[in-house]
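Please open the model in your viewer and keep the selection panel at hand. The tour below goes from one selection to the next and says what is found at each stop.

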Amino acid sequence: MTDTAPAAEGRIHEFKTESGADTVKVGRKLAALLKPPQLLLLRGDLGTGKTTLVKGIAQALDAAEPDEVTSPTFTLIHEYDGTRDGDPIKLYHLDVYRLESERQLETLGLDELLTPNALVLVEWGEKFKSIKKRSTGEILITAEGGDTRKITVTLKD
Ligand SMILES: Nc1ncnc2c1ncn2[C@@H]1O[C@H](COP(=O)(O)OP(=O)(O)O)[C@@H](O)[C@H]1O
Ligand SMILES: [Mg+2]
């Protein structure tokens, strides 16, 4: 895992990973940067490692072990309870790939999820204007041949 970001703070962080395990490790590191409340688009082609990254984030927040984090493709949303600096944190992992309209999306009650201690990570959220509008940043994963991935984290502030 290489972190090419200049320093701890700053709005853009870039990582390069060479394996799934490496991406889990980046997820663990990222957890420290993601102060709730936060709604992040988790972008990248199918199989680039979006769910894999969430495994690391969940682990660092004591919310779930990597094995327990699976894709919410069919359930749409997975909810985990974690802690960060001694405070409770709600981790929501969504995959809205299967949703086709803003109307269907409304049934998820996104606004209710976004409480002050919530970290909401949404795969395929860029499909929906309403999610993009609410997002506080994005994590983009790009495959660069073989198992290499570039992970770019952009946080608005
Ligand atoms: N550098 C890497 N980062 C993340 N996943 C990787 C990497 N190299 C190989 N993989 C594999 O690619 C797959 C990514 O799957 P997943 O995280 O479910 O993708 P997505 O949620 O983006 O569809 C996993 O099987 C993982 O082991
Ligand atoms: Mg996924």
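Why is H2 largely enclosed by the rest of the structure? Ten of the eleven residues of H2 are buried, so this helix is largely enclosed by what surrounds it; a residue counts as buried if 20 or more other C-beta atoms, placed from the backbone, lie within 10 Å of its own. Before going further, please keep in mind that this is a predicted model, in which local features need pLDDT of at least 70 and side-chain atom pairs count only at pLDDT 80 or more, while totals for chains, interfaces and linings use all residues. Residues are numbered from 1 along each chain as its sequence is written, and chains are lettered from A and ligands numbered from 1 in the order in which they are written.

**First selection: helix H2**

Select residues 50–60, which form H2; helices are DSSP runs of H or I with at least four residues, strands are runs of E with at least two, and both are numbered from the N terminus. The buried residues of H2 include Lys50, Leu53, Val54, Ile57 and Ala58. If you then add H1, S3 (38–43), S4, S5, S6 (118–123) and S7 (137–143), you will have elements that are among those covering the buried residues of H2, where a contact means that two C-beta atoms, placed from the backbone, lie within 7 Å. After H2 comes Asp62, whose phi is positive, near 55 degrees.

**Second selection: ligand 1**

Now select ligand 1, which is surrounded by 18 residues, the closest being Gly20, Thr23, Gly49, Lys50 and Thr52; a residue is near the ligand if its C-beta atom, placed from the backbone, lies within 6 Å of it. Helix H1 (20–31) and helix H2 (50–60) are the elements that give two or more residues to this shell.

**Third selection: the hairpin of S4 and S5**

Next select strand S4 (residues 77–84) and strand S5 (residues 87–95), which run antiparallel and are joined by eight bridges; two strands pair if DSSP finds at least two bridges between them. Within this pair, Glu79 stands opposite Tyr92 in S5. Two residues lie between the strands of the hairpin, where Asp85 takes a positive phi near 50 degrees.

**Last selection: the whole chain**

Finally, show the whole chain, which has five helices and eight strands. Its C-alpha trace spans about 40 × 35 × 30 Å along the principal axes, and 39% of the 157 residues count as buried.

Technical notes: Buried ≥ 20, exposed ≤ 12 C-beta atoms within 10 Å, placed from the backbone.
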